[in-house]
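The following exercises concern the surface, the nonpolar cores and the fold of one protein chain. Please work through each task before reading its solution.

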Amino acid sequence: MSALQKLIDKRNNACKEALDNLVTQASPGEDPVRLLQDAGRAFIPVDPTHSSEPEAGPSRLVPEPDERPTITAIVEEIMDQPWYKEQIVHRQSFEPKPAQLSTLNPPPSDFVLQALSESRKISTFYSHQSTAIQAIRDGFHVVVSTSTASGKSIIYQVPLLMALERDPGAKAIFVYPTKALAQDQKASLEQLLFSCSGLNHLKVATYDGDTPQEVRSEVRDSASVIFTNFDTIHASILPHEDNWRQFLKQVKLFVVDELHYYTGLFGSHVALILRRFRRVAAAVGSRRIQFVSCTATLANSGPHMQKMFGLHSNDIVVISEDGAPRNQRDFLVWSPPMVDPAQPALGKASSIAEASGLMRFLMKRGIRVILFCKIRKVCELAMKTLKADLSNEGRYDILKRVRPYRGGYSREDRRRIESDAFSGQLLGIVSTNALELGIDIGVLDAVIMLGFPMTIPSFRQQAGRAGRRSKDSLVVLVAESFAVDQYYANHPEELFDGKLDELMVDVDSKVVLEAHLQCAGFEMPISSGDEQWFGPSMHEICEKSLTKDKDGWYHTHTNFLPYPSRHVSIRGAQEEKYLVVEIGQDNGNLKNIEEVEVSRAMFEVYEAGVFLHQGMTFIVKEVDHDNKVAKVVRADVNYITSPRDFTDVNAMQTHRIRRAKTSLAYYGKIHVYVKVFGFFKISNKTILDAVEVDTPAWERYTTGFWLDVPKKTLDLLRSLQVNVAEAIHAAEHAFLIQFPLSEDVKTECKAAEKEYKVTESTRKRPARLIFYDSIGKGGGVSARAFDNVESTLEQALDVVSHCSCEDGCTKCVQSLVCKEANQVSSKIGAMIVLEGLLGRESSHVQEDILIEPYMGPDTIVDAPPVAALEGIEVEES
């Protein structure tokens, strides 16, 4: 047999094998021959003058939204598939609820009603809409807390139209937490105004960091409504209030959407920005501005609005009775099956593969899906998996209607994807929580969450993205192996019935208040009468930190000039970024594809590593750390890379000492050190190679506090064979769970691959609970935790010791934001540590308590003392 004939036979056998595989794997109704033809197109040279994307044949059409199957039928079909292996561990249906309608008396003008009918097909109001609009008419401030997709935007848009009819010179400010949401709402209002006779000449405009300098004065002079954010109000509008006076004099309505977004340190900054705004507006004669807020996931909406805006409770109307209809919604908890039930050691199937496979199944049946991922890398991995699987199936008709969306993409890419999403052209979106808030993303039928999304409010926000067209919808939580996911998989009722935590803002923080008083003093000199805006602490701070003139007015200290707002970052310091550029085939034609923050760049752009962007793989060829540029080349590889790194958080110098029962807490300077020393090449969970790299370490200094675990407690843990690292890590989380502003405080999370090494490690960590301020955030939040260290420790111990769970849960020692997924954790160890710090006998450690002994190496050593400033006295609690 000739060599040529052998090649022909080999090709024919390969084609037959591929065809046989497609015959067995094809979904019902799909033509395996067509699948093979489509799959082969990727390897056939094409005429470059023609489109390289094949057209979908008649048998491959995706049903239109109005023709798709019901969700009930879809779920039943899933359960009949040969690949279904009892992945659905919980199913819950929420029955339809009829609308509760109401009327406005007197009704809006015929022009407004006609505009609502033409632009939104609205002919009547839900009960909560009419109640809220009437309250605004009556002069009250309003906060509306109803479900997602309940028509909350109508609540402030209709009063705006009525105000503009009365006074065409009236102005409004609409504030949104994300630019994507602002773009969506701007388009919605433009459509409504265009349909309203007599108002269709009025302009609305975006005014934020992306607004070109040359058009900003035009926006101030001609726009009736501006769409903005608090960053812009803080850094651009208030410092230049003299340019905005004419606009501010006419402001009648100030809307803050997604009120639950503003909490913690960021919420505290925003609350003081609102007070600065009210102060300036009142000074220019605008004393009757009405404030309207909306939220879907807020437990204490009335008190939270009161605190955020500095309003009196009697002036606020709280509306929480939801009159919007709700069609049937099915909720599934999906647990990936075992790879091989006969070999449990192989673990479970990939959650990414399960989520992307389910997404493909739904899209083929006309179900429009958004897949939410917790972090950017998982978003890219999910998109990469979808691209590969859809290409292998020849479903380019679906692939060209799927887009990833996350932070880091260029402004042009984000706007293009947003446009496709808003118009309903997309069949699937793979996103981080960037599309979680309020956006009406076309006609979505299903939400898939790849892992529990950090918090219950986020879960409910994401679930609300589907079913926004009064159609039945599906929500699927694909549970990962992490403890938090497994907790909610075993307690799914808490996802919908669990109580929401109250949000916290701290307008009395002297660090934050001083920063905004410096800004306020620049906007207008401060007098004693400004206590109404800033509270009684204002006088002490002004005397100490601002400059007082001969007439008793306070001005910004010279250290903050010329523009104090530039010294006050409300979201934390703007982190430096690496620019990722793609190198063309000729080593020229550099194309900017993404910007990556320095703190992330070290884990994503190391030489020879794989960089993921919009589902495509690139190899990092060169990293210029001096100029912060990473050069990458497009490469289709069948592996990803995972960095090998370590993080050290070390106490450097003690500035304060505080007694907490029998222990001492120390506050001072903290050093954070992160080093990436190599990476793994990984394919299908298998490590192909371990590569060493030489990258510079990432080092930052911040402030924080620490508590050293007593020697007696360490001896007890070791005598009971409790892993000391597990105990310390769980105790750190227990403390933070009980501290209201914990989202702005970090701790040193323990990584399983380091703590459970078989061989003894030379890198030991001190027996210390350590907490520090988020890098760049400022605000001194850890100082507040330090000041309340004793009471927080006692509360943590009380909760942990009385929690009914066996091994720890999200209420006691499992953190929703642990970057190491709570894999190194011991509830009993946390109790022993907390009791030791408070000087109590370990009453919970009885002989009959079963503790699985830890037999591995000990990674913890006694904590050494930290040098202290001279003259420090111990503060008593």
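Accessible areas come from the Shrake-Rupley method with a 1.4 Å probe, and for residues only the protein chains shown count as cover. The model is predicted: local features need pLDDT of at least 70, side-chain atom pairs count only at pLDDT 80 or more, and totals for chains, interfaces and linings use all residues. Residues are numbered from 1 along each chain as its sequence is written, and side-chain values use heavy atoms, with hydrogens and water left out.

**Exercise 1.** Describe the surface and burial of the protein chain.

Step 1. The exposed area is about 39,600 Å², and carbon and sulfur atoms supply 50% of that area.

Step 2. Of the 877 residues, 53% count as buried (under 20% relative accessible area, 1.4 Å probe, protein chains only).

**Exercise 2.** Locate the nonpolar cores, each a set of buried Ala, Val, Leu, Ile, Met, Phe, Trp, Tyr and Cys residues joined through side-chain atoms within 4.5 Å.

Step 1. The largest core has 94 residues, and L517, F705 and L793 have the most contacts inside it.

Step 2. Helix α25 (residues 724-737) gives this core its largest share, nine residues.

Step 3. Leaving aside residues up to four places away in sequence, L517 touches I526, F534, M538, I541, C542 and L546 (contact: heavy atoms within 4.5 Å).

Step 4. A second, separate core of 46 residues includes I74, L371, M383 and A446.

**Exercise 3.** Summarise the fold.

Step 1. DSSP runs give 29 helices (H or I, at least four residues) and 32 strands (E, at least two), numbered from the N terminus.

Step 2. Among contacts with a separation of 6 or more, 74% join residues 24 or more positions apart.

Technical notes. Buried < 20%, exposed > 50% of the residue type's maximum accessible area, 1.4 Å probe, protein only.
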